[in-house]
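Visitor: I would like to go through this entry and ask why each label was given.
Guide: Go ahead; the structure comes first.

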Amino acid sequence: MESAENWSKSSWKAFPALQQPNWPNQAAVDKVLAELSILPPLVFAGEIRSLKALLAKAVNGDAFLLQGGDCAEDFSQVTAPKIRETLKVLLQMAVTLTYAGGVPVIKVGRIAGQFAKPRSSDTEQVGELVLPSYRGDMVNSPEPTMDARLANPKRMLKGYNMSAATLNLLRAFTRGGFAALHRVQAWNQEFVAQSPMGRSYERMAKQIDQAIRFMETIGISMDTPQITQAQFFTSHEALLLGYEEALTRVDSTTGGWYDCSAHLLWIGERTRQVDGAHVEFLRGVLNPIGVKIGPGYEIDDIKRLIDKLSPDNEPGRLTFITRFGLKNIEQRLPPLLREMKREGRNIVWSCDPMHGNTYTSSSGHKTRKFNDILSEITSFFEAHWAEGTIPGGVHFELTGDNVTECIGGARDIVDGDLDRNYLTTCDPRLNAEQSLEVAFQIAEMIRK
Ligand code: PEP
Ligand code: CO
């Protein structure tokens, strides 16, 4: 496989890298990176190629991408119950969307590596103190003390180990029977029975049940891997370039370079400068790449970005994750779709209805409204249907926990409830019920 021109896994160093931590001691960073660079890769290039092939189908509407998980994973939450519940919600959402959309759903977690965060400011004022901002558990710790906020490179090693432990359990769950179709369907029926909105989802849950029974009746084996196992992929924002470089390896079967820290890496809205280090780094690895695009995009910039990241226009290489917010999507998405369609660019269009809809509530919590999230998704599908382009996926911040971080949903969480179980160290996530509701609502919207 040809490498990108004038690229090496460290060529990013000649470009400005935004959002990097202020490591107090470069020698300590180099030591950690040297150690990381000889540790085993977390994922295998063959798996990365499988994901890319699936995403190529999503370009044409023959598959649909479901990407979701924490805004920022938390070392203290790398536990079996937490991983299990997040996986469970994603599998439940996927079954619903598969049935309604009539195409395979590609399941990608924001998990097993989502430990580094871009921040709007380098510092944060806490009372009298001006502290370095929390940049994710792979950099520092969220407690508001100077000690906790000091960037510590050893956290990158811990992040690697936490990712490995998480992936190990995810692989066990998805191969070992936990993800079997009839189990996932049973969980969905439980959700429908318990949800205040249950009635409106009951019909679809019943239909899925009938479809499964029909398969059993005609003798389709329920023991095949297609029924008992799930294919599950990992992703995170490729923010800490030293870490990503250390996990970047040549694939011995093809000779190509892959970033083996996760299957899919994305570039954030704040680090997608065409001449920046993040774009330089990711242009050379063969993974599928996501790019977050906010309402302030310039169309020429986007074109230059594609020329750099996907010069061959390979389907599955590029996923655009638009995060315009309810107020901007109707104005900003259609012209982008139109221009990309006109130029014949192969892109998976995914909707992140979370990041453009964040605000601080009167109780002082960073939150999002369930209805705004749903409305942005609705506008996303409508824009694609109007333009004749393909809505290829959705992207959520969610958790399997019963948190109270987003307002609304069938239990009608209000501002005063947020304090009850507000656990995120970064952005507010949909809880398990809210996530399933979103999936059923999308299912109603797209069902054939
Ligand atoms: C995120 O996905 O958590 C994030 C920071 O998103 P964005 O880059 O779109 O702001
Ligand atoms: Co976020």
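Visitor: Why is histidine 182 called partly exposed?
Guide: In this predicted model, histidine 182 has a relative accessible area of 48%. Buried means under 20% and exposed means over 50%, with partly exposed in between. The value of 48% falls in between, so histidine 182 is called partly exposed.

Visitor: Where is histidine 182 placed?
Guide: Histidine 182 belongs to helix α6, which covers residues 181-194. From alanine 28 it is 154 residues away in sequence, and the C-alpha atoms of the two are 50 Å apart in space.

Visitor: What makes lysine 9 buried, exposed or partly exposed?
Guide: The relative accessible area of lysine 9 is 25%. Because buried requires a value under 20% and exposed a value over 50%, lysine 9 counts as partly exposed. Lysine 9 lies in the segment before α1 (26-36). Its C-alpha atom is separated by 25 Å from that of alanine 56, which is 47 residues apart from lysine 9 along the chain.

Visitor: How do you know that threonine 424 is buried?
Guide: Threonine 424 has a relative accessible area of 12%. The cut-off for buried is under 20%, so threonine 424 qualifies. Its place is the loop between β14 (391-397) and α14 (432-446).

Visitor: Which backbone atoms lie by the side chain of threonine 424?
Guide: A polar atom of that side chain is 3.0 Å from the backbone nitrogen of cysteine 426. The backbone oxygen of aspartate 427 lies 2.8 Å from a polar atom of the threonine 424 side chain. A polar contact needs a pair of N or O atoms within 3.5 Å, so both distances meet that cut-off.

Visitor: What is the phi of alanine 112, and why is this residue called buried?
Guide: Phi of alanine 112 is near 60°, a positive value in a residue that is not glycine. Its relative accessibility is 0% and buried means under 20%, so the label is buried. Alanine 112 is in the loop between β2 (105-110) and β3 (123-126).

Visitor: Why does asparagine 313 count as partly exposed?
Guide: Asparagine 313 has 23% relative accessibility, and partly exposed lies between under 20% and over 50%, so that label applies. Asparagine 313 also has a positive phi, about 55°, although it is not a glycine. It sits in the loop between α11 (299-309) and β10 (318-322).

Visitor: Which residues are around ligand 1?
Guide: Among them are Cys71, Arg110, Lys117, Trp266, Arg323, His355 and Glu397. Ligand 1 sits in the second largest pocket.

Visitor: What makes the pairing of arginine 323 with ligand 1 a polar contact?
Guide: An N or O atom in the side chain of arginine 323 is 2.6 Å from an oxygen atom of ligand 1. The limit is 3.5 Å, so the pair counts. For lysine 117, a polar side-chain atom is 2.7 Å from a ligand 1 oxygen. For glutamate 397, the corresponding distance to an oxygen atom of ligand 1 is 3.0 Å. On its own, ligand 1 has 290 Å² of accessible area, and the protein covers 98% of that.

Visitor: Which residues touch the most other members of the largest nonpolar core?
Guide: They are Leu36, Met156 and Phe396, in a core of 115 residues. Helix α3 (residues 80-101) gives the largest share of this core, 10 residues. Another core, of 14 residues, lies apart from it and includes Leu51, Leu54, Ala63 and Val108.

Definitions and conventions. Residues numbered from 1 in each chain as written. Chains lettered and ligands numbered in written order. Predicted model: local features only at pLDDT ≥ 70, side-chain atom pairs only at ≥ 80, totals over all residues. Heavy atoms only, no water. Core = buried A, V, L, I, M, F, W, Y, C linked by side-chain atoms within 4.5 Å. Buried < 20%, exposed > 50% of the residue type's maximum accessible area, 1.4 Å probe, protein only. Helix = DSSP H or I, 4+ residues; strand = E, 2+ residues; numbered from the N terminus. Near = heavy atom within 4 Å. Polar contact = N/O pair within 3.5 Å; in protein donor to acceptor, adjacent residues only side chain to side chain. Areas by Shrake-Rupley, 256 points an atom, 1.4 Å probe, with all protein chains shown as cover. 1 Å grid on protein atoms, 1.4 Å probe; cavity = no way out; pocket = protein on both sides within 12 Å on 5 of 7 lines; lining within 4 Å. Sits in = over half its atoms within 2 Å of the grid points.
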